[in-house]
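Here's a quick walk through one model, element by element. Keep the viewer open and follow along.

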Amino acid sequence: MRDGIRKMRELGFNSVWSGPYSLERIRFGNIDADLADDVYREAEIPYAVQVPLIEHQVELKPGEKHPDVFGPEYRQYVSEEVVKRVAPHHDNPWILGYYYGYGSFMREDLWINETLSYEPGGPGRDRLLDVLEQLYRGDVGKLNTVYGTRSASFSDLRKNGSLTYPRWISAVKAGAPVPGRSGSEDMLQDAEALPGEIVEQLHKVAHAEIRKHDPNHMVMGSYFKHTTYTNGIWNRIAPYIDALGPQDLSDVNPIKPSVEATGLPAMLSDQESGNVCPLALQGRTGAPGAVPDHEDRRVLYDLLAGRIARDPDFIGVSFCAVLYDQSHWRRAHDRGQPGFFNIDGEPNPSLVGTVRNANRRILDSVREPLDEPSIAELHRSYNETKAAYRRIMQQRLALLKKGAGE
């Protein structure tokens, strides 16, 4: 850990937004959080503390559901986690703030369906059905038309009925077209109001508990996929956070309107910078693919540094990256995560040099923000470069598969 902090500082990074945490590792006890806190304090490097209130999809065990955030059991859980993870840091000068986890509230359809699947009378189920009754002005017939249900009344729906939200809800929020069937638009609007209720409840409860023990450090809320929160949801949780935390730059649900509406700055919480996801995810969800080589990672990082630093909407960025090269997943073309250093700790000189210079430039550039047309030009250049790299890698993959007879 000490060597990692030293390397990060030599690369020009000035804080550790994620703290000593990793989604898959911390829950299995492979990270000693107390030791990590000691090391960070000793190193005198700013860092954030995770208060793990919401699990990422990959953290859920088979068959495990998300919690009912409206229930007393969850409020008790939040209270206990805050006492354990926040109270010890109330006077820690190296703490930037607190966040609740990565990828929080992914798959709106799952969140809604799981909350509605609790037993009749459950607090979360009742709250969401109350919202629907308000949205439909008590007209259960209209709701039946939209959802294809047969409830005699909202009271009947609460006791005996059920609703199911389709997978396309999340796909539409990521940019896919709305299905042409009748009722789709109504369902999509409902699927903003219902997750908004869930998200606001969690942030309200967590903020109140944190402020009981620490009135000074930032509350950053959840780090999440950029398609998860709409402007309406940002407005609902703005009273309970000190910065907006979209995952990365995106033209789907861009963050600028929410910065302007809430008056809060943004911190890019997990910005992709040439990292690689396995092919299955790339094909199914559009997750980032490989860039052609380390030279191209240099180009991406340089473009990102200029784009983010010169935009007055942003107060910081946490880059999704690894220090050391990771092995490929299954085949050579299904590339693993490329790092700043090889497995023996030797730097990739050109990449390390570019990152070091770009990070130094970030600290200078934030003092000279650009106007909107200039930022738009930087944004266009970044997107065009990413698209060009994706085309190259798609063609390379197609050729390799052809040669292998697949």
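Which residue is the bridge partner of Y98 in β3? That would be V219. Before going further, bear in mind that this is a predicted model.

## The sheet

Let's put that pair in context. The sheet is an open one with three strands, ordered β1-β2-β3, and the pairing is parallel. Its edge strands are β1 (47-50) and β3 (218-221), each of which pairs on one side only. From one strand to the next, the twist averages 30°. Helix α10, covering residues 184-213, packs on the sheet and touches β2 and β3. The direction of α10 makes about 160° with that of β3.

Now for the pairings themselves. β1 and β2 (residues 95-99) run in the parallel sense and are joined over four bridges. Take Y47, whose bridge partner in β2 is I95, and A48, which stands opposite G97 in β2. To get from β1 to β2, the chain goes through helix α4 (residues 72-85), and this β-α-β crossover is right-handed. On to the other pairing: β2 and β3 are also in the parallel sense, over three bridges, with Y98 and V219 as bridge partners.

How many of the five residues of β2 are buried? Four of them are, so β2 is largely enclosed by the rest of the structure.

## Helix α3 and its two sides

Helix α3 spans residues 33-43, and its buried residues are A33, A36, D37, V39, Y40 and A43. Look down the axis of α3 and you'll find these buried residues within an arc of 165°, so they line one face of the helix. D34, D38 and E42 sit on the other side of α3, and they are exposed.

What does the buried set pack against? The buried residues of α3 meet α1 (2-11) and β1, the latter being one of the edge strands of the sheet. Right after α3 comes E44, and its phi is positive, near 55°.

## Helix α5 and D109

Helix α5 (residues 108-116) is a different story from a helix with one buried face. Eight of its nine residues are buried, so α5 is largely enclosed by the rest of the structure. The buried ones are E108, D109, W111, I112, N113, E114, T115 and L116. The cover over them includes α6 (123-135), α9 (168-173) and α10, the last of which also packs on the sheet.

Zoom in on D109, which lies in α5. Why does D109 count as buried? Its relative accessible area is 3%, and the cut-off for buried is under 20%. The D109 side chain makes a polar contact with the side chain of S170, at 3.4 Å. Leaving out residues up to four places away in sequence, D109 touches Y165, P166, R167 and S170.

## S184 in helix α10

Back to α10, this time for S184, which lies in that helix. With a relative accessibility of 1%, S184 counts as buried. A polar atom of the S184 side chain lies 3.3 Å from the backbone oxygen of P179.

Which residues is S184 in contact with, once its neighbours within four places in sequence are set aside? They are W168, V178 and P179, so P179 turns up here as well as in the 3.3 Å pair, because the cut-off for contact is heavy atoms within 4.5 Å.

## S250 in a loop

One more serine is worth a look, and this one is in a loop. S250 has its place between α11 (231-237) and α12 (256-262). Is S250 buried or exposed? Buried, with a relative accessible area of 15%; the cut-off is under 20%.

The S250 side chain reaches the backbone nitrogen of V252 at 2.9 Å. For a sense of where S250 lies in the fold, try V58: the two are 192 residues apart along the chain, and their C-alpha atoms are separated by 23 Å.

Technical notes:
Residues numbered from 1 in each chain as written. Predicted model: local features only at pLDDT ≥ 70, side-chain atom pairs only at ≥ 80, totals over all residues. Heavy atoms only, no water. Helix = DSSP H or I, 4+ residues; strand = E, 2+ residues; numbered from the N terminus. Buried < 20%, exposed > 50% of the residue type's maximum accessible area, 1.4 Å probe, protein only. Polar contact = N/O pair within 3.5 Å; in protein donor to acceptor, adjacent residues only side chain to side chain. Pairing = 2+ DSSP bridges. Axes fitted to C-alpha atoms, helices over the stretch in contact; angles between N-to-C directions. Arc of directions from axis to C-beta. Right-handed = clockwise from strand over helix to strand, strands pointing away.
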